[in-house]
Amino acid sequence: MALESADGKTIYMTGHGRDIWSYDDDFNFKADDIVEADFTAVVKVGAQSTASPQSWSKSGLMVRTDLDTNSAHLSIFRTGLKWICTQGRRNKGEYSRTFGNCVENQPDANWLKIEKRLDEYTTFYGMEGADGEITWTKHTSEELVGIGDSSYVGLAVSSASYWQLETVFEDFEISQYYFPSAAPSISLAPTMLAPFTDINNLDLGRVAQSSAGSWDVTSSGSDIWGSSDSFRFVNYTVSGDVTIEMK
């Protein structure tokens, strides 16, 4: 069961279940929609209460292919021991595993984050300072092709016992991520072309620009290898971050 506050910033989630482990998971999961893009998911794990505290109870973020008990998934949890653990299942039907090492004794690391970039999933845990700023620490990064291009992203609770566990989640957010466009945002003017440089005193070849903007570069040279390079270098002088694209 999950109840949201009127402003939508707090979720009171009650769950039980044997564990999120082995070949089949037994837990409560709140995920509203399937996400079909790269994303960043963040949540604060607040108070946790139960009549029967268990060391391996788990509350946190989960990315899951489907709602079958043996689905591929990647999750980062706060456990009953106040450990931070990244766990999952690489492919549907496989045995669960822990990615990296669980970080022990983290009573103040209440913030959790998962970033998906293509098939790469990176988990973080964070501590909130007195000024409200969150300091993030990377936990682990894994390539997980088995999860697929679309997945459920949400909150998971397992009490690891017959008794229920109530977890208060705050500021749960999923934001879509867009890779920067390959097209340059600034066109470099031809006047920025520096005179070509011959590395290692070449004397053959030419550099010519067509009216369509393409470049015809010919050169001699032994190789760009070993302890000394020999080639022709045509270059722009730039500063700051750039994107280089060519055909």
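**Close-up views of an all-strand chain**

Buried residues account for 37% of the 247 residues in the chain. The model shown in every view is predicted. The chain contains 0 helices and 18 strands. Of the contacts between residues at least 6 apart in sequence, 63% join residues at least 24 apart.

**View 1. Strand β7, between β6 and β8.** Strand β7 covers residues 73–79, and 7 of its 7 residues are buried. In a regular strand, side chains alternate between the two faces of the sheet. Both faces of β7 are covered: one side carries His 73, Ser 75, Phe 77 and Thr 79, the other carries Leu 74, Ile 76 and Arg 78, and all are buried. Strand β6 (residues 58–64) pairs with β7 in the antiparallel sense through 7 bridges. In this pairing Arg 64 stands opposite His 73 of β7. Strand β8 is joined to β7 by 6 bridges, and these two strands also run antiparallel. Here Leu 74 stands opposite Gly 88 of β8. The hairpin of β7 and β8 has 4 residues between the strands, and in it Lys 82 takes a positive phi near 65°.

**View 2. The disulfide of Cys 85 and Cys 102.** A search of the whole structure finds 1 disulfide. It is formed by Cys 85 and Cys 102, whose sulfur atoms are 2.1 Å apart. The link is right-handed, with 125° about the S-S bond. Cys 85 belongs to strand β8 (residues 84–89) and Cys 102 to strand β9 (residues 97–103), so the pair ties together parts that are 17 residues apart in sequence. A disulfide is a covalent bond between the sulfur atoms of two cysteines. Cys 85 counts as buried because its relative accessibility is 0%, under the 20% limit. Cys 102 has a relative accessible area of 19% and is also buried.

**View 3. Strand β13 and its three antiparallel partners, β3, β4 and β6****.** Strand β13 spans residues 151–158, and 8 of its 8 residues are buried. Strand β3 (residues 28–30) pairs with β13 in the antiparallel sense over 3 bridges. Lys 30 is found opposite Leu 155 of β13. Strand β4 (residues 34–35) is likewise antiparallel to β13, with 2 bridges. In that pairing Val 35 stands opposite Ser 151. Between β6 and β13 there are 7 bridges, again in the antiparallel sense. Met 62 has Gly 154 of β13 as its bridge partner. Strand β6 thus appears in two views, pairing with β7 and with β13.

**View 4. Strand β14 with β2 and β5.** Strand β2 (residues 10–17) and strand β14 (residues 161–176) form an antiparallel pair with 7 bridges. Thr 14 stands opposite Glu 166 of β14. Strand β5 (residues 39–50) runs antiparallel to β14 and is joined to β14 by 9 bridges. Within this pairing, Thr 40 stands opposite Ser 175.

**View 5. The second largest pocket.** About 150 Å³ of space lies in this pocket. Which residues line the second largest pocket? The lining consists of Gln 48, Ser 49, Thr 50, Pro 53, Gln 54, Ser 57, Thr 79, Gly 80, Lys 82 and Leu 165. By class, 2 of the lining residues are nonpolar, 7 are polar and 1 is charged. Strand β5 gives the most to the lining, with 3 residues. Two residues from View 1 return here, with Thr 79 and Lys 82 both in the lining. Thr 79 is one of the buried residues of β7, and Lys 82 is the residue with the positive phi in the hairpin of β7 and β8.

**View 6. Gly 221 in the loop between β17 and β18****.** The loop that holds Gly 221 runs between β17 (215–219) and β18 (231–233). Gly 221 counts as partly exposed because its relative accessibility is 44%, which lies between the 20% and 50% limits. The C-alpha atoms of Gly 221 and Arg 232 are separated by 7.5 Å, although these residues are 11 residues apart along the chain.

Technical notes: Residues numbered from 1 in each chain as written. Predicted model: local features only at pLDDT ≥ 70, side-chain atom pairs only at ≥ 80, totals over all residues. Heavy atoms only, no water. Pairing = 2+ DSSP bridges. 1 Å grid on protein atoms, 1.4 Å probe; cavity = no way out; pocket = protein on both sides within 12 Å on 5 of 7 lines; lining within 4 Å. Points joined across faces, edges and corners; volume = space filled by probe spheres on them. Nonpolar A, V, L, I, M, F, W, Y, C, P; charged D, E, K, R; others polar. Disulfide = S-S within 2.5 Å. Buried < 20%, exposed > 50% of the residue type's maximum accessible area, 1.4 Å probe, protein only. Contact = heavy atoms within 4.5 Å.
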